[in-house]
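Biologist: Could you take me through this model and show how each feature is to be read, with the general idea ahead of the particular case?

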Number of protein chains: 2
Amino acid sequence: METIERKPRSREQTRSGIMVTAKTIARREGWQAVSIRKIADAIEYSAPIVYEYFDSKDVLLNEIRNEGFSYLYQEYDRILKLYRDPEKRLYEISLIQWDFAQQQPEIYQVMYSLEGAYCSMPVYQSDIVQAVSDKVSEIICSFIPKSKESIRRLFFEWWSISHGLISMAMMLKDEQSIEMSAQVYRETMRRFVRGLK
Amino acid sequence: METIERKPRSREQTRSGIMVTAKTIARREGWQAVSIRKIADAIEYSAPIVYEYFDSKDVLLNEIRNEGFSYLYQEYDRILKLYRDPEKRLYEISLIQWDFAQQQPEIYQVMYSLEGAYCSMPVYQSDIVQAVSDKVSEIICSFIPKSKESIRRLFFEWWSISHGLISMAMMLKDEQSIEMSAQVYRETMRRFVRGLK
DNA sequence: CAGGTGATTTAACACCGTTAACTAACGACC
DNA sequence: GGTCGTTAGTTAACGGTGTTAAATCACCTG
C-alpha cells in the first residue's frame with residue numbers, strides 16, 4: 001500500500017535533490033565547502049535525513065562520481081552510433097571528455113579526487129568505470145587488433161594524456177586561456193589518434 | 001622535581017620537524033588524516049605552537065608544495081650540467097618527474113591537490129613554480145627556437161602528458177603494475193621528445 | 001481513545017582549524 | 001629580597017565537521 005505523501009517530494013526526488021544540491025554547492029564554492037549540514041539546509045531537512053539516503057558523505061560523493069562516468073558511457077554510445085571510422089570515433093570521444101570537464105567541472109573533480117573533492121572509494125572498483133574502459137578499449141582494438149596487453153597500454157596512454165591535459169588546463173585556467181588549452185588538447189588528441197594506425 | 005623532558009630544539013629544527021611530521025602522517029595515513037593536533041602531538045607540543053611557525057594549515061601545505069618544486073628545480077639543474085643534448089635533457093627531466101612522484105608521492109599529491117591533499121593557494125602564484133616552468137621552457141626552446149607562444153604550448157603539453165601519466169598511474173597503482181605504467185611513461189615521453197625535432 | 005509505526009528533529013560525540021586568555025619561568029632593575 | 005616585563009607554552013573556548021542515539025511528532029489502526 002502506497003503511503004500518502006505528506007511532503008510534496010517523493011523519495012527519489014529527495015535523493016536526487018541531495019545530489020543536485022551537493023553539486024550546486026561544489027560548483028559555487030568548491031568541494032571543500034560541501035557539508036552534510038549545508039546540503040540539509042538547502043533541501044530544508046535536518047542533517048540526519050541525508051543519512052536516510054546515503055550511508056555516508058563518501059558514498060554520496062561516489063554516487064556523483066558514478067553518475068559522471070555513466071553520463072560519459074551514454075555519450076560514448078551515442079558517438080559509436082554516429083560514426084563508423086575508428087579514428088573519428090576515438091577523436092570524438094576525446095572531445096566529449098573535454099566538453100564534459102568544461103561544462104561540469106565539479107563532477108570531473110569528484111571523479112578524479114581533484115581540488116579537495118576527496119572520495120576514498122577507488123575508481124576501478126566501480127562497474128560503470130569498467131564498462132567505460134571496455135568501451136574505449138574496444139574502439140582502440142577496432143583500430144588495429146593487437147594483444148590484450150597492448151590494448152590495455154594504449155587505453156592507459158589515451159586516458160592519461162586526455163586527463164593530464166584536462167586537469168592541467170583546469171589548474172591553470174586563470175593564467176592560460178581556455179581556448180588555447182582547448183587547441184592544444186584537440187591537436188594532441190588528434191595526433192595521438194593518427195599515431196595509432 | 002620534574003625536569004623538562006622535551007629536548008631543546010632550535011626554532012629551525014622545530015619548524016622543519018613540523019613539515020617532516022606532516023609528510024610522515026600523510027605518507028602513512030593519507031593527507032586527509034593530517035591534522036594540526038596530530039602534528040603537535042608527534043612533535044610533543046600543543047596545537048597552538050604550530051601557529052607560531054605557520055600562519056595556517058594552508059600555508060604549511062603550500063610550504064611543503066614549494067619544497068617539492070624546489071627539489072625538482074635542483075634536480076633539473078643537475079641534469080642540465082650533466083647533458084648537453086636537448087633531447088637527452090628533456091627525457092632525463094621527464095624521468096626525474098616520474099621518480100620523484102614514486103619516491104615521494106605525498107609531496108606530489110600536495111603539489112597538485114590530489115587525493116584530498118587540498119591546498120587553496122594556486123600553484124602558479126609561486127615563484128619557484130615559475131622558475132621550474134622557465135627552466136623546462138628553455139630546454140624546449142633550445143630544441144628548435146620557436147615563437148614564445150609555441151614554446152608555451154609545447155611546455156603545457158609536456159607538463160600535462162607527464163602529469164597525466166603519473167597521476168593516472170598513482171590512481172591505478174593497485175590494479176596495474178607500476179612497472180607497466182613506468183614502461184608506458186618512458187615510451188610516451190621518449191616519443192614526445194623525439195617528436196619535437 | 002490507546003497504541004504502534006514511521007518520519008523527522010534534537011542532542012550529543014569526537015573530531016577539526018583557529019584564537020584568546022592564562023600560567024610559569026626567567027632576567028633586569030630598585 | 002621583591003617587583004616588573006618578556007617570553008614560551010599551556011588550557012579553554014568558538015564555530016565548524018561527519019555521524020549516531022535518543023526523543024518527538026503525525027499519522028493509521030485496533
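Biologist: How many residues surround DNA strand C, and which are the closest?

Modeller: A residue is near a molecule or strand if one of its heavy atoms lies within 4 Å of it. By that criterion 16 residues surround DNA strand C, and the closest are S46(A), I36(B), R37(B), Y51(B) and K57(B). Of the atoms of DNA strand C that come within 4 Å of the protein, sugar and phosphate account for 53%. This is a predicted model, in which local features need pLDDT of at least 70 and side-chain atom pairs count only at pLDDT 80 or more, while totals for chains, interfaces and linings use all residues. Residues are numbered from 1 along each chain as its sequence is written, chains are lettered from A and ligands numbered from 1 in the order in which they are written, and side-chain values use heavy atoms, with hydrogens and water left out.

Biologist: Which atoms of DNA strand C lie 2.7 Å from the side chain of S46(A) and 2.8 Å from the backbone of K57(B)?

Modeller: A polar contact is a pair of N or O atoms within 3.5 Å; within protein, one must be able to donate a hydrogen and the other to accept it, and residues adjacent in sequence count only if both atoms are side-chain atoms. Here a phosphate oxygen of DNA strand C is 2.7 Å from a side-chain N or O atom of S46(A), and a phosphate oxygen of the strand is 2.8 Å from a backbone N or O atom of K57(B). For R37(A), a side-chain N or O atom is 3.3 Å from a base nitrogen of DNA strand C.

Biologist: Which element gives the most to the surface near DNA strand C?

Modeller: Helices (H or I, at least four residues) and strands (E, at least two) are DSSP runs, numbered from the N terminus. On that numbering α3(A) gives the most, with 3 residues.

Biologist: What of DNA strand D: which residues come nearest to it?

Modeller: There are 15 residues around DNA strand D, and I36(A), R37(A), Y51(A), K57(A) and S46(B) come nearest. Sugar and phosphate make up 55% of the atoms of this strand that come within 4 Å of the protein. A polar side-chain atom of R37(A) lies 2.8 Å from a base nitrogen of DNA strand D, a backbone N or O atom of K57(A) is 2.8 Å from a phosphate oxygen, and the side chain of Y45(B) has an N or O atom 3.4 Å from a phosphate oxygen.

Biologist: What turn and shift lay chain A on chain B?

Modeller: Copies are superposed by least squares on the C-alpha atoms of residues with pLDDT of at least 70 in both. A turn of 180 degrees and a shift of 0.0 Å along the axis lay chain A on chain B with an RMSD of 0.1 Å, which is the relation of a two-fold axis. Of the residues of chain A, G164(A) comes closest to the rotation axis, its C-alpha being at 1.7 Å.

Biologist: Is C119(B) buried or exposed?

Modeller: Buried means under 20% relative accessible area, exposed over 50%, partly exposed in between (1.4 Å probe, protein chains only). C119(B) is buried, its relative accessible area being 3%, and its place is in the loop between α6 (105–111) and α7 (127–143) of chain B. Leaving aside neighbours within four places in sequence, C119(B) is in contact (heavy atoms within 4.5 Å) with residues including D58(B) and R65(B).
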